[in-house]
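Student: Could you take me on a close look at one helix in this model and the surroundings that go with it? I would like one connected answer, please.

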Amino acid sequence: MSDTPINDFDTLQVHAGTEPDPATGARQVPIYQTTSYVFRDAEHAARLFGLEEVGYIYSRLTNPTVGALQNRMAALEGGAGAVCCSSGHAAQILALFPLMAPGRNVVVSTRLYGGTITQFSQTFKRFGWSARFVDFDDLDAIKAAIDEDTRAVFCETIANPGGYVTDLDAIAPIAAEAGVPLIVDNTTATAYLCRPIDHGATLVVSSMTKYLTGNGTVTGGVIVDSGTFDWSASDKFPSLSQPEPAYHGLNFHKTFGPAAFTFHGIAIGLRDLGMTLNPQAAHYTLMGIETLSLRMAKHIENAQKVAEWLEGHEAVAAVTYPGLDSSPYKDRAKRICPKGAGALFTIKLKGGYDSCVKFVESLKLFSHVANLGDARSLVIHSASTTHRQLTEDQQIAAGAAPDVVRLSIGIEGANDLIADLDQALKAAS
Ligand SMILES: *Cc1c(COP(=O)(O)O)cnc(C)c1O
């Protein structure tokens with residue numbers, strides 16, 4: 001990259017974190033398909049293992065292709081550093097790992113991706129962790145749920161299955177007051193629509209599987225650290241603020257300052273949990289990110305058109321898109337995601353559960369899949385699939401009631417999408 005500072009998102013998504021390959025001059029980031037790296041000598045190896053010198057040891061920890069993606073994501077989200085990993089779910093575990101211990105809890109929004117609700121409410125228990133689910137529109141309830149054992153507050157920017165925007169500006173001060181980090185899952189907004197760090201988030205996690213790669217080819221995840229949280233302000237985060245026995249007594253915060261969380265995530269998180277992103281996947285994601293702003297702009301334009309059309313349809317009881325005047329979150333969306341309210345929302349069909357199933361089966365251009373954020377338009381009936389493990393009350397709280405269908409609007413022509421929805425709605429009613 002040139003020496004002049006680059007601030008424009010469109011430029012950063014193409015250039016940030018990468019430069020022509022020093023060995024070959026290759027302009028595109030090479031896929032470093034290697035497990036290990038030859039040490040210059042024994043002294044070099046020792047310095048790398050001691051974290052006295054930053055370099056490559058073994059690809060479970062670091063890899064140049066993955067490193068380029070980490071740098072690019074940190075730049076796009078406005079953070080101090082990033083750690084990539086094998087999936088969005090891995091990113092959530094890896095983000096919490098340095099903060100948590102048996103008996104500790106996380107205060108989380110009820111409006112989350114179904115898989116996250118299951119991970120937090122069930123699998124957490126096996127680590128001795130727990131999650132306290134709270135309506136994040138109720139700020140007093142968030143405050144009341146935080147106690148001495150709370151180690152993070154967690155929510156999604158635009159909550160899956162869509163239609164809900166979290167008031168990050170109101171929640172960040174509550175987490176700060178309690179002395180715990182705010183972790184925001186930014187998967188459905190991406191850094192193009194919202195940079196949670198600018199709204200006070202400490203850590204941003206994303207599934208790169210969705211809009212970042214943007215074409216449904218890889219699973220990947222990333223954690224971006226703002227670098228602004230003072231881990232040493234209390235005794236709540238000993239793995240970061242005190243000598244860490246898992247790394248020969250290294251004090252990460254003292255040694256690495258704003259890069260403490262990133263170094264910990266790699267040197268301990270990836271080393272011991274092994275949720276590593278492979279270089280081929282990193283390459284696909286780097287390719288995807290080069291066009292992120294162009295795709296997101298088209299996703300949003302299409303979502304607005306399709307949502308407005310659906311709202312006027314006689315078979316449709318409700319549309320949750322926050323870009324609609326009827327949405328209770330319209331003003332909040334303008335503040336948190338000023339460029340647009342994403343491309344994910346749900347529709348409620350007058351015909352109920354049976355009509356939803358028939359509708360999903362009748363769509364031709366929309367694919368019925370468990371994914372979102374693809375260039376292609378996608379549909380799913382959340383209650384019978386992604387949110388199936390939840391009780392009906394949890395489904396309703398998460399916005400995935402049995403009479404609701406989730407749409408992820410792609411980048412095709414809006415008129416073709418509307419024609420497909422029209423024929424499927426006719427078939428379903
Ligand atoms: C898909 C998704 C995840 C999980 O990501 P994977 O890459 O599938 O593990 C987490 N959060 C949200 C909001 C998602 O949409």
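Tutor: Happy to. This is a predicted model, and a good place to start is Thr 190, which sits in helix H8, a helix that covers residues 190-193. The backbone there has a feature to look at: Thr 190 is not a glycine, yet its phi is positive, at about 65°. A second residue can be set beside Thr 190 here. Leu 51, also a residue other than glycine, has a positive phi near 60°. While Thr 190 belongs to a helix, Leu 51 is found in the loop that runs between H2 and H3.

From that loop we can move on to the pockets, since H2 and H3 turn up again there. Helix H2 (42-49) and helix H3 (64-77) are among the elements that give two or more residues to the lining of the largest pocket, together with strand S1 (81-85) and helix H11 (260-273). H3 provides the largest share of that lining, with 8 residues. The space in this pocket comes to about 920 Å³. Its lining is made up of 38 residues, and those nearest the centre are Val 54, Tyr 56, Thr 62, Gly 67 and Gln 70. Sorted by class, the lining holds 23 nonpolar, 11 polar and 4 charged residues.

The second largest pocket has a volume of about 430 Å³. It is lined by 25 residues, with Gly 162, Thr 320, Thr 346, Ile 396 and Gly 399 closest to its centre. Two or more residues of this lining come from each of strand S10 (316-319), strand S11 (344-349) and helix H16 (392-397). Of the elements, S11 gives the most, with 3 residues. Here the classes divide into 14 nonpolar, 8 polar and 3 charged. Where does this pocket lie with respect to the domains? Its lining takes residues from both domain 1 (9-288) and domain 2 (293-428), so the second largest pocket lies between the two.

Now for the ligand. There are 15 residues around it, and the ones that come nearest are Gly 88, Asp 185, Ser 207, Thr 209 and Lys 210. Two of these nearest residues, Gly 88 and Lys 210, also take part in the contacts that follow. For Gly 88, a polar backbone atom is 2.8 Å from an oxygen atom of the ligand. For Lys 210, the partner is an N or O atom in the side chain, at 2.7 Å from a ligand oxygen. Asn 160 brings a polar side-chain atom to 3.4 Å from an oxygen atom of the ligand. As for cover, the ligand on its own has 380 Å² of accessible area, and the protein covers 92% of it.

Which element gives the most to the shell around the ligand? That is helix H4, residues 88-96, with 3 residues. The shell as a whole has 10 polar, 3 charged and 2 nonpolar residues. You can set that beside the lining of the largest pocket, where 23 residues are nonpolar.

Conventions. Residues are numbered from 1 along each chain as its sequence is written. This is a predicted model: local features need pLDDT of at least 70, side-chain atom pairs count only at pLDDT 80 or more; totals for chains, interfaces and linings use all residues. Side-chain values use heavy atoms; hydrogens and water are left out. A residue is near a molecule or strand if one of its heavy atoms lies within 4 Å of it. A polar contact is a pair of N or O atoms within 3.5 Å; within protein, one must be able to donate a hydrogen and the other to accept it, and residues adjacent in sequence count only if both atoms are side-chain atoms. Accessible areas come from the Shrake-Rupley method with a 1.4 Å probe; for residues, only the protein chains shown count as cover. Helices (H or I, at least four residues) and strands (E, at least two) are DSSP runs, numbered from the N terminus. Ala, Val, Leu, Ile, Met, Phe, Trp, Tyr, Cys and Pro count as nonpolar, Asp, Glu, Lys and Arg as charged, and the others, Gly among them, as polar. On a 1 Å grid over the protein atoms alone, a cavity is a set of points where a 1.4 Å probe fits but cannot get out, and a pocket is an open set with protein on both sides within 12 Å along at least five of seven lines; lining residues have an atom within 4 Å of a point. Grid points are joined across faces, edges and corners, and a volume is the space filled by probe spheres set on the points. Domain bounds come from an automatic or database domain assignment.
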